[in-house]
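Student: Could we go through this structure together? I would like to begin with the overall picture and then turn to particular residues.

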Amino acid sequence: MTSEKKKMFPLFNLVVKKQKCSEEPPVSFAFPVQLEGNRTRKFQHKYLQLFPWLAYSKDKQGAFCKWCVIFANSGGGVGNQPLGKLVKIPMVKYKHCLTDLKNHAKTEYHLLSAQRANDFLHNYKTGNEKAVNVLLDNRNRQVIEYNRKRLIPIVKTIIFCAQNNLALRGHREIGSMKDNDTREKCLSGEQGIFRALLSYRIESGDSDLLTHLETSKKNCTMISPTIQNEIIEAIRLVIQNKIVERVKTSKFYSILCDETTDVSTVEQLNLCVRYVDVRNCVIREDFLGFIKMESTTGIAIATAIQNELENIGLTFENLRGQGYDGSSNMSGVNNGVQSLILKKQPLAFYTHCLSHCLNLCLSKACNVPAIKNMMGTIQSVSSFFSNSAKRTEKLKSVIESTEISESNESSLIKKKKLKTICETRWVERHTALMTFKELYVYIVTALEEIKCGDSSRETSSLATMLECAITKSEFLVALEVAVTCFSYTIKLSQILQSKKQDLSKALADVTVVKGGLEAVREDVDSYFKDIFNEVTSIASKQLKEVIALEGLIPANFSAYNNDSILRAASLYENDLHENALINLKAELTMWRNQWKDSTAEKPESALEALCYCTNVLPNIKLLLQLFATLPVTSATPERTFSTLKLLKNYLRSTMNEERLNGLAMAKINKSEKITEEELLDIGVNNAWLLYRRHYSQLNNNQQGTLQLKHFRYEIAKSLLAQSSVGRPSTNLILSKRKRKAMPIEAPSKESRLDNTDHFPMYNTKGRCTYCTKGQTVFSCS
């Protein structure tokens, strides 16, 4: 006999002994009679045929479940309660015997005991040498997988809603999801999208979800708003952990921040990070979350940024850049955010958003009276057409009729509608001016027809004024000048907002555009030259100390010598390898020689050059990574505000900060792959942290708390021990809620007018028990 069978042999004898002791008594056996109330009852022999797991003990004079007696755990049911009837003590009362036996057969601990008994007997009889603990572990694993499978449809549905910006909850969410009527109401749109999607999954044949909802009690369906928030918080943590892991792998990073006020007048500060993903050799700008601000001073914002970075596992030690707009609380020299952070980390160089710099230059140029008046006129014309569906259709019909009359493919106009001039988005302003110029002839024709044919006096007079304004020579010259200038800057404005842009490439693009404009306007006053020189001067003032590192890019070899590059590299001496400045001279020589006779196209950005660096040039590789990490624009934080307006609108203005951050992380970083297993693991980790917090609050210390792996084991064990319905109870003493009395139904009109001062309460004879004379004759329903 093998060692495994020797271990199993005593248990096998126990099982056999129990089976022998539980052999069916003969039909003629006289079961003892029990007095229950006014009647006498006794155990029936037919119960043994109906339930093969049932056994009768002559010594205990009661019934037992022979499977649960041997293989059941110490507890079961809701809250892992101690097992009693049919397991520890016999069943001796038989008034509701059949109902009790049927309910016992459905319990989780009984089904688990039955499986264990069958597996054990099969394993022994077939000669299989698997140990008992191995069999039980396999069963435990199956139950754990089954419990997780029940949650996966719910988790997937919440992820779908979060990534597609769908509101989960509805105005009225009532009724149990296991009822067909409730699911039909959800599918018809009477309740929230989340419940509607769950109903759709069930209608499509999701048997796991249907089984879960049918076998779970109301407090364990896992679809309540509280569970939704916990899963959304898990989504945020999973995405945030992946971003932080990539940042730590890259080591160096920059921060991008901006602030705005949401629909509920709460000041929100968004936090993004820019870094080089060394695994894929790309520049990434990822959103980390919104921070609720009570104050918008530079000190408050800098403190909030530092606390948030520390909470997610990042420190100022590896911070190498800051990117904000030009507001005084962000860019101030004394108490601005950039100066306060620069005091704590001198290598966190501040970059004023280059897109904002370009917009400031264009705004200053547009202060010329002729250009400013032209802009205002275009805004008035655009509003005139867009504010009326009738006038918009009129302009569209004029364009289409002209196309039909000309019948030439080259004359087809793709744009049929004017765009309003946006105050903040200069790319949209570029497009609006060019669209107006393209549709100018049709606009004049439409205004003439409205002026002559519209019955409204105000509309016709306004059309006359606008027509006179746009047909003046001053307006036409200003429009042509603005469109010509904007045709140079529109592409620059778009390029500067790219995440892949670095400082060297950005300044090179600005220089190209500036040179093109100077070539067009060589004889123009120096005032305009100063405007466009401001773009490069602003950037150079802020980063003049490190800008020489662009000399490491092969396309810029001739612009910088080795001494200027070494001076810039000395700022990062602590970030480089040992004896870096000495070795860097040799690396510069090898790096220049590598491209001296190369026929390949020379890289024009730090990221492109980084891909060609080998391990022989570790310091140059690190310097290129640092240069690529420096921020160029704060366009990424600006984009997150669009998502904020979609998430927290006037219909969802009471959304709390945790739910907002979770939904925003899922929506903005939707390219991040999330698995259901990761979310469930995060949920267990969060439960462990809450357990430690509650334990320390009750005991004033954390000594004696379970470690995470032991805590996970206890959760798995409790899931196995408890029933499939309901949540386990806690040891916390909760105050009992007083149940409200059922409202008394109002009496009928006849009863209210029978001159009594009370609601009638009738006895068996049909007379009111409270009425002294007993004359009330109307009866309640």
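Tutor: The conversation below moves from the whole chain to its cores, salt bridges and selected residues.

Student: What kind of model is this, and how are its residues numbered?

Tutor: This is a predicted model, in which local features need pLDDT of at least 70, side-chain atom pairs count only at pLDDT 80 or more, and totals for chains, interfaces and linings use all residues. Residues are numbered from 1 along each chain as its sequence is written, and side-chain values use heavy atoms, with hydrogens and water left out.

Student: How many helices and strands are there?

Tutor: The protein chain has 31 helices and 11 strands. These are DSSP runs numbered from the N terminus, with helices (H or I) of at least four residues and strands (E) of at least two.

Student: And how much of the chain is buried?

Tutor: Of its 781 residues, 45% count as buried. Buried means under 20% relative accessible area, exposed means over 50%, and partly exposed lies in between, with a 1.4 Å probe and protein chains only. The chain exposes about 43000 Å², of which carbon and sulfur atoms supply 52%; accessible areas come from the Shrake-Rupley method with a 1.4 Å probe, and for residues only the protein chains shown count as cover.

Student: What share of the contacts is long-range in sequence, at least 24 apart?

Tutor: Among contacts between residues at least 6 apart in sequence, 65% join residues at least 24 apart. Contact means heavy atoms within 4.5 Å.

Student: Which residues touch the most other members of the largest nonpolar core?

Tutor: They are Ile235, Tyr253, Ile255, Ile305, Leu309, Tyr324 and Ile341, in a core of 68 residues. Helix H10 (residues 225-250) gives the most to this core, with 11 residues. A second, separate core has 39 residues, including Leu566, Leu617, Leu626 and Phe627. A nonpolar core is a set of buried Ala, Val, Leu, Ile, Met, Phe, Trp, Tyr and Cys residues joined through side-chain atoms within 4.5 Å.

Student: Ile341 is on that list. Which residues of its helix, H13, are buried?

Tutor: In helix H13 (residues 337-344), Val337, Gln338, Ser339, Leu340 and Ile341 are buried. Their cover includes E7, helix H11 (298-312), strand E10 (319-324), helix H12 (328-331) and strand E11 (349-352).

Student: Changing topic: how many salt bridges are there?

Tutor: The count comes to 14 salt bridges, where a salt bridge is a side-chain nitrogen of Lys or Arg within 4 Å of a carboxyl oxygen of Asp or Glu. One of them joins glutamate 285 and arginine 274, at 2.7 Å from N to O. Glutamate 285 lies in strand E9 (residues 282-293) and arginine 274 in strand E8, 11 residues apart.

Student: Are those two partners buried or exposed?

Tutor: Glutamate 285 counts as buried because its relative accessible area is 5%. Arginine 274 is also buried, at 0%.

Student: Which residue does aspartate 575 pair with?

Tutor: Aspartate 575 forms a salt bridge with arginine 320, the closest N and O atoms being 2.6 Å apart. The pair links distant parts of the chain, 255 residues apart: aspartate 575 is in the loop between helix H23 (562-569) and helix H24 (580-596), and arginine 320 is in strand E10. Aspartate 575 is buried at 10% relative accessible area, and arginine 320 is buried at 3%.

Student: Which residues form a network of salt bridges?

Tutor: Arg246, Arg284, Asp286 and Glu672 are linked in such a network. Within it, aspartate 286 and arginine 284 have their closest N and O atoms 3.3 Å apart.

Student: What does leucine 288 touch?

Tutor: Leucine 288, in strand E9, touches Gln240, Ile243, Leu271, Cys272, Val273, Ile312 and Met665, not counting residues up to four places away in sequence. Leucine 288 counts as buried because its relative accessibility is 2%.

Student: Last one: what does the side chain of asparagine 661 reach?

Tutor: The side chain of asparagine 661 reaches the backbone nitrogen of phenylalanine 290 at 2.6 Å. Asparagine 661 belongs to helix H28 (residues 657-668) and is buried at 10% relative accessibility.

Notes. Polar contact = N/O pair within 3.5 Å; in protein donor to acceptor, adjacent residues only side chain to side chain.
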